[in-house]
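Dear colleague,

Please find below the structure that I am handing over to you. A short account of what was found in it follows.

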Amino acid sequence: MMRFMNPVLTQFPLTRWPLLLAGGSLLLMLGAWGFEYIGGYEPCALCYDQRHIHMTVIALGLVSGIALILRPSLAKFASWMIFVIAAVLIYSAGFAGWHAGIEYDWWAGPATCTTSGGVPEVDLSCIINGTDCGPIVLCDEAAWTLLGISMAGFNALISAGMAAAAILVGFKGLKS
C-alpha cells in the first residue's frame, strides 16, 4: 500500500497540500450542493453541521496555502498546518460516522431531528404566518444511498481518507 501511496503523496510539494485538502472539502461541498439543488435532496440539521466542518477545512486550507505561497519562509511549519487540517478532517469523519450510525439505527440521534425524539425544530413564524418554510428533514432517515452507504457514510469515508493522507504527508514532511 505504501508503495502505491508514495508517488501520490510526493506528487505535490508539501506546501501545496493545504490547498489540495481545501479542494477536497470543496468537492464534497459541491457534491452536497448538487444533491440539494439539482437532485432535490433537502439536508437535515446534521448535514448542515457537516458542511460547516468542511467550510472550516476550506478556510484553514486556503489561509495556510496562501500563507505558504506568499511567505515561503513559513514552509518549516507546513507539516503542522497540515496536521491542524487533518485534525478537523478526523472530527469530520467522526461526526459523519456518528450521523451515519443514526441513519442506520445503530444509536439514537438528537431528539430535535429524529423520529425517536420529541418534536422536530419548526420555525413557528411559518405556522403563524401560514407560509411554507420547506420540509422537515429528519436526521435518522438517509435521503440517498449507494451500495447501502448514505451520504453521511460517504462523507465519513472520504473525510477519513483525506485525514489519513494528510497525516502521512505531514509525517513525511517532518522527516525531510
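Y91 and F95 both belong to helix α4, where four residues, about one turn of the helix, separate them. Please note that the model is a predicted one. The rings of Y91 and F95 form a tilted aromatic pair, with 6.1 Å centre to centre and 45 degrees between the planes. The pair counts as tilted because its angle falls neither under 30 degrees, as stacking would require, nor over 60, as edge-to-face would. As for its surroundings, F95 has a relative accessible area of 13% and is therefore buried.

Helix α4, which spans residues 78-103, also holds W80 and F83. These two residues are three apart, again about one turn of the helix. In total, seven aromatic pairs occur in the structure. One of them joins W80 and F83 in an edge-to-face arrangement, at 5.4 Å centre to centre and with 70 degrees between the planes. F83 is buried, since its relative accessible area is 17% and the limit for that class is under 20%. W80 and F83 further combine with F171 in one aromatic cluster.

A separate point concerns the backbone. D105 is found in the loop between α4 and α5, the latter covering 124-129. Its phi is near 60 degrees, a positive value in a residue that is not glycine. With a relative accessible area of 63%, D105 is exposed.

Yours sincerely

Technical notes: Residues numbered from 1 in each chain as written. Predicted model: local features only at pLDDT ≥ 70, side-chain atom pairs only at ≥ 80, totals over all residues. Heavy atoms only, no water. Phe/Tyr/Trp six-rings, centres within 6.5 Å; stacked < 30°, edge-to-face > 60°. Buried < 20%, exposed > 50% of the residue type's maximum accessible area, 1.4 Å probe, protein only.
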